[in-house]
Amino acid sequence: MKSRMSYLSAAALIAATVLTACGQAQPQMAGETRTASVPPPTSSPAPLGVAGAVTGPAPVLLQPPSAIGQHPSYEIGVAKSVAEEPFSTFSLEVDTASYSVVRRYLRNGTLPPPEAVRVEEMLNYFDYDYPGPETREEGFRPTVSLYPAPWKPDWALLRVGVKAFVPSPEDRKPLNLVLLVDRSGSMQGSDRLKLVQKVVGDFLSTLRDDDRVGLMTYANGVSVHAEPTTDHKSVAAALRGLDAGGGTAGGAALEKAYALAQSVYDPAAENRILLITDGDFNVGIRNPKELERYVDRKRQTGFGLSVLGVGQGNFNDSLVQAIVQAGNGVAAYMDSPVEGARLFADGAAGLLHTVAADVKVQVEFNPAQIAEYRLIGYETRALETRDFLDSGKDAGEVNAGRSVTALYEVLPVAAASRTLPVPRYDGNRPAPAPEAETALNAEWAEVKIAFKPDGPDGAQTVIRHPVSPDLLRDLSAIGPDDALAAAIAGFAGKLRRDPAFDAYGYDAIKDLIAIARARDEDGWRSELLHLVSAAESLDG
């Protein structure tokens, strides 16, 4: 064990140049400069990996710095003692809105406020090379890795990843969808209602013949433009005919959308409301807690609620987070046609089609091997230890094909003496491993995932995966996905002013991205490099 941990103690010496030691030179990207500008999205929904899309010169943006909107506050997670709290339990998170919001701030030439940065949403924006399950009943197939934490001497990173089942298009449940579109005055502009009309209009043309869609809008009042129908062309025509103007009767609109949805409820279908808004509810139910309670009650009728945010200035991220977490849905933010094409790809499977309900993760750490741990992110998704086995406890939903990642910092007992005081009393020391259980007590942790493959009313399934120290690799041996997760954690940590990353430099983050870009078919990881450079130039 001591030999396996020897290089962890050296992490402080190699943190700044860890990837130089890997023998990977870092060529400058063509035209790259360390300025606050980031290439704007292309107007075409083609992948960003095309030539010049993200690797060309970063043009100066003409748009002045602007606030995106209101964001929920939270306290950054702290390290916990395994002896006192051996279990870490949280609801799995599949939202991606924070990454797109952060990107928009940086493209506008300003750093995001720390509360806009949610690490788990930035981690889960990206696709990882996780093996997926073969059946819906199998649910998930965990992927676990261990490697030194570049920013924290003596600590390691535990990466837990899962990929949800991907049903074939013909095997998916039919869609029973109500589109609820904000067309208030604040939705004027090419990045709001016009963007929605283009992206959602394209999506409607990809639906199956048995998918049913209705269209409602709200401004000063609420209007039904199309009753739920399989005539998708008529819905697309109604969407194209919308214009923006008036107030924002969001609360009243939700009530009527649920009523319309319930009138055509189909237990054999994917029943969902998709609210598309800049988040500025100023008429109707406005109090976030009141809306959260209302949506929570309606969730029990069988309809999920997802939210697609657009625009800036009025975007009420706090409200969106509250109602999505109560509504068994996904929160996403669309800042360009390219992002819209990504969100609605493959029939919007990752946005609308649920394959597992009430998904919870619990990690039990072994006090004989791990002294402390910290879950990076997921602060707003924490659960009590007892909630894991409570099949009635509401938790997150995971949609088709989604990759989900959680990242822990862990301090091994073998390295703790360099960080923590050595206990004087026997009762404060980890108990020695019984001889009969030596193999079991050599484990660092056990990862457990609970989920319901048949929906929130179905039976709960639990899968388990041990974390062995044999998984531990040197930083020079990590792969693209491990590097990507560490880079995002470091980037998000600096943006949200997490003290753990004060001494961690942007160059080290970019070195990790250089490794991550070894697998970058769609170009999103290259875009991340530009965002990090933009943040570096703005972070005085």
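Let's start with two helices. The axes of helix 5, residues 193-204, and helix 6, residues 232-240, come within 10 Å and cross at roughly 175°. That makes helix 5 roughly antiparallel to helix 6, because an angle over 145 degrees counts as roughly antiparallel. Keep in mind that this is a predicted model.

Why quote both an angle and a distance? Two packed helices are described by the angle between their axes and the distance between the axes.

Which residues meet there? From helix 5 we have Val196, Gln197, Val200, Gly201 and Leu204. From helix 6, the partners are His232, Val235, Ala236, Leu239 and Arg240. Sorted by class, this contact has 6 nonpolar, 3 polar and 1 charged residues. Look at the spacing on the helix 5 side, at Val196, Val200 and Leu204. An α-helix has 3.6 residues a turn, so residues three or four places apart point the same way.

Now the whole chain. There are 16 helices and 18 strands. The chain has 540 residues, and 57% of them count as buried. About 20,900 Å² is exposed, with carbon and sulfur atoms supplying 51% of that area. Take the contacts between residues at least 6 apart in sequence: 82% of them join residues at least 24 apart.

Next, the sheet. This one is open, with 6 strands in the order 8-7-6-9-10-12 and mixed pairing. Which strands sit at the edges? Strand 8, residues 222-229, and strand 12, residues 331-333, each pair on one side only. On average, neighbouring strands in this sheet are turned by 15° against each other, direction ignored.

Let me stay with strand 10, residues 304-309. How many of its residues are buried? The count is 6 of 6, so strand 10 is largely enclosed by the rest of the structure. Gly304, Ser306 and Leu308 point one way. Leu305, Val307 and Gly309 point the other way. Both sets are buried.

Strand 10 has two partners to show you. With strand 9, the pairing is parallel and runs over 6 bridges. One pair to find on screen is Arg272 with Gly304 in strand 10. With strand 12, the strands also run parallel, joined by 3 bridges. Here Leu308 is bridged to Ala332, and Gly309 has Tyr333 as its bridge partner.

What packs on this sheet? Helix 9, residues 317-326, does, touching strand 9 (270-277), strand 10 and strand 12. The direction of helix 9 makes about 155° with that of strand 10. Helix 9 is mostly covered, with 8 of its 10 residues buried. Among them are Leu319, Val320, Ile323 and Val324. Asp317 and Gln321 are on the buried list too. After helix 9 comes Asn328, whose phi is positive, near 55°.

Then helix 11, residues 345-352. This helix lies across strand 6 (175-182), strand 9, strand 10 and strand 12. Its direction is about 90° to strand 9. Is helix 11 mostly covered or mostly open? Mostly covered: 6 of its 8 residues are buried. Those are Gly347, Ala348, Ala349, Gly350, Leu351 and Leu352.

Now go back to the start of strand 10, and step into the loop ahead of it. Where is Gly302? Gly302 is in the loop between helix 8, residues 288-299, and strand 10. Buried or exposed? Neither, because its relative accessible area is 34%, which makes Gly302 partly exposed. The cut-offs are under 20% for buried and over 50% for exposed. Leaving aside neighbours within four places in sequence, Gly302 is in contact with Tyr265 and Asn271. There is also a long-range pair here: the C-alpha atoms of Gly302 and Pro456 are separated by 8.8 Å, and these residues are 154 apart along the chain.

One last element, strand 3, residues 87-91. Here 4 of the 5 residues are buried, so strand 3 is largely enclosed by the rest of the structure. Its pairing with strand 13, residues 354-365, is antiparallel and runs over 5 bridges. To locate that on screen, look for Ser91 and its bridge partner Lys360 in strand 13.

That's the tour. Questions, please.

Conventions
Residues are numbered from 1 along each chain as its sequence is written. This is a predicted model: local features need pLDDT of at least 70, side-chain atom pairs count only at pLDDT 80 or more; totals for chains, interfaces and linings use all residues. Side-chain values use heavy atoms; hydrogens and water are left out. Buried means under 20% relative accessible area, exposed over 50%, partly exposed in between (1.4 Å probe, protein chains only). Contact means heavy atoms within 4.5 Å. Accessible areas come from the Shrake-Rupley method with a 1.4 Å probe; for residues, only the protein chains shown count as cover. Two strands pair if DSSP finds at least two bridges between them. Axes are lines fitted to C-alpha atoms, for helices over the stretch in contact, and angles run from 0 to 180 degrees between N-to-C directions. Angles under 35 degrees count as roughly parallel, over 145 as roughly antiparallel, 65 to 115 as roughly perpendicular and the rest as oblique. Ala, Val, Leu, Ile, Met, Phe, Trp, Tyr, Cys and Pro count as nonpolar, Asp, Glu, Lys and Arg as charged, and the others, Gly among them, as polar.
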